[in-house]
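Reader: Hello! I would like a close look at one part of this model and at what surrounds it. Could you walk me through it?

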Amino acid sequence: MNAKHTVLVTGGAGYIGSHTCCQLLNAGYNVVIIDNFSNSSPDVLDAIMAISGKRPALVEADLRDADAVRVCFDQYPIDAVIHFAALKAVGESTAKPVEYYEHNLLCTTTLVKGMRGRGVKRLVYSSSATVYGMDNPAPFREDMPISAINPYGWTKVMTERMLTDLSASDPEWSITLLRYFNPLGAHPSGLIGDDPNGIPANLMPYVNKVAAGILPELPVFGDDYPTPDGTCIRDYIHVMDLAEGHLAALDYIYTHNGVEAVNLGTGVGYSVFDVVRAYERVSGRTIPYRVASRRPNNADAPKAYADPAKAARVFNWKTKRGLDDMCRDSWTFAKTRLIKSDA
Ligand code: NAD
Ligand code: WQD
């Protein structure tokens, strides 16, 4: 880690980006965030300041705005980029496919052209375990074929392809394609976390709202899967571990050229009921639930978890936190953000 390094973090005010910014600042990096706050708030910068004691520089702009990106590279001595900014709601991507393809691909092409224009060729990209599609057996390895089952997932597959082609066209680029499994948890301070607007689509934000008394019960999407308790199994990863994985990836791209796809997961799968039980245990709250139908179009793979061996080998990184830590820190965030008077 070098205090002279300046890292641009696109989408740095979002859920994973904000945790990563805290750890970058703690490690001595200079951090510049570009974010349009379409799915976050400027208050997150105060929280980052409270946690790390340092305030990142902010460029409030849309990443699709090529002029704004150019100005950003002119203004700061950026030497590497971590690219989080994207639309990420799977259901919405099915309803608005053109908007999703346009937005996610344009964000990345605009960014990469801006980087190329200033000779910045180190990039950490937020891909997703969704690229393993429905046909690979878990545990998922990076050399398995990739595909997708929704437009959001295809934007990740296409971007991986584009960045791989970019690397082939110019060997000076150094790119990691990080395939995140299911991030959960929050910074232990409770100051930042995952707080989507409206009814949450993902498991933990939903559980948080049930625990906080905002929603009455958790719908469990199917208990008739071929798994030990009938609910789907996922590789939940603490967002703090995930953030540390980005620092490991950054270390790697400062010393290696080329492109590498790397899983960021624990290698351990938990069911929906495992998550509910762990959350109840650490929070002392009861999570009422009702077994509902499977998600439409059989969109849930029964089992999805990582083979994390490549990350250990290439980045010398592995996760340190367990499911109880994820649930405890999510609950702390829920108490801080959702039910302040009860905290
Ligand atoms: P998030 O929505 O919390 O953060 C994204 C941030 O990007 C937000 O602050 C948003 O305001 C900003 N943003 C979006 N479009 C922008 C634009 N055009 N210009 C500038 N800023 C823009 O999402 P997250 O959960 O932190 O996810 C970060 C990345 O990781 C995304 O690329 C997502 O696809 C990927 N990912 C997320 C998960 C997950 O479950 N959270 C899993 C796998 C991969
Ligand atoms: C986890 C489990 C649900 C909500 C999604 C995206 C994926 C990636 C991560 C970005 C599943 C069950 C959920 C609820 C439930 N994102 N569930 N009741 O679907 O594994 O992955 O987020 O790249 O692309 O698809 O995560 O948190 O939505 O669901 O029973 O109210 O919880 O069926 O088994 P998922 P999730």
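Which residue just after α7 takes a positive phi, and of about how many degrees?

Author: That residue is glycine 213, with a positive phi of about 80°. Before going on, please keep in mind that this is a predicted model, in which local features need pLDDT of at least 70 and side-chain atom pairs count only at pLDDT 80 or more, while totals for chains, interfaces and linings use all residues. Residues are numbered from 1 along each chain as its sequence is written, chains are lettered from A and ligands numbered from 1 in the order in which they are written, and side-chain values use heavy atoms, with hydrogens and water left out.

Let us begin with the helix itself. α7 spans residues 203-211 and is mostly covered, with nine of its nine residues buried. Helices (H or I, at least four residues) and strands (E, at least two) are DSSP runs, numbered from the N terminus. Buried means under 20% relative accessible area, exposed over 50%, and partly exposed in between, with a 1.4 Å probe and protein chains only. Among the buried residues are Leu203, Met204 and Tyr206, and also Asn208 and Lys209. Their cover includes the strands β7 (182-184), β8 (218-221) and β10 (236-238), together with the helices α9 (272-283) and α11.

One of these covering helices, α11, takes in residues 323-337 and holds arginine 337. Arginine 337 has a relative accessible area of 38%, so this residue counts as partly exposed. Leaving out residues up to four places away in sequence, arginine 337 touches Gly190, Leu191 and Asp195, where contact means heavy atoms within 4.5 Å. The C-alpha atoms of arginine 337 and glycine 190 are 7.7 Å apart, although the two positions lie 147 residues apart along the chain. With aspartate 195 there is a polar contact between the two side chains, at 3.1 Å. A polar contact is a pair of N or O atoms within 3.5 Å; within protein, one must be able to donate a hydrogen and the other to accept it, and residues adjacent in sequence count only if both atoms are side-chain atoms.

Strands β7 and β8 also lead us to ligand 2. Asparagine 182 has a polar side-chain atom 3.0 Å from an oxygen atom of ligand 2, and a backbone N or O atom of phenylalanine 221 lies 2.9 Å from an oxygen atom of ligand 2. Serine 128 adds a polar side-chain atom at 2.7 Å from an oxygen atom of this ligand. In total, 19 residues surround ligand 2, the closest being Ser128, Tyr152, Pro219, Arg234 and Asp300; a residue is near a molecule or strand if one of its heavy atoms lies within 4 Å of it. Tyr152 is also one of the closest residues to ligand 1, which has 28 residues around it.

Next come the sheets. A three-stranded open sheet has the order β12-β9-β14 and mixed pairing, and its edge strands are β12 (270-271) and β14 (303-304). Two strands pair if DSSP finds at least two bridges between them. β9 (residues 233-234) runs antiparallel to β12, with two bridges joining them, and isoleucine 233 has serine 271 as its bridge partner in β12.

Seven further strands form an open sheet in the order β3-β2-β1-β4-β5-β6-β11, with parallel pairing. The edges of this sheet are β3 (57-60) and β11 (258-264), each pairing on one side only. Helix α8 lies across β1, β4 (80-83), β5 (122-128), β6 (174-180) and β11, and runs at about 160° to β6. For such angles, axes are lines fitted to C-alpha atoms, for helices over the stretch in contact, and angles run from 0 to 180 degrees between N-to-C directions.

What does α8 contribute to the core? The largest nonpolar core has 40 residues, and those with the most contacts inside it include Leu178, Leu250 and Phe315. Its largest share, eight residues, comes from helix α8 (residues 239-253). A nonpolar core is a set of buried Ala, Val, Leu, Ile, Met, Phe, Trp, Tyr and Cys residues joined through side-chain atoms within 4.5 Å. In soluble globular proteins, nonpolar side chains tend to be buried together. Neighbours within four places in sequence aside, phenylalanine 315 is in contact with residues including Leu178, Ala248, Tyr252 and Leu264.
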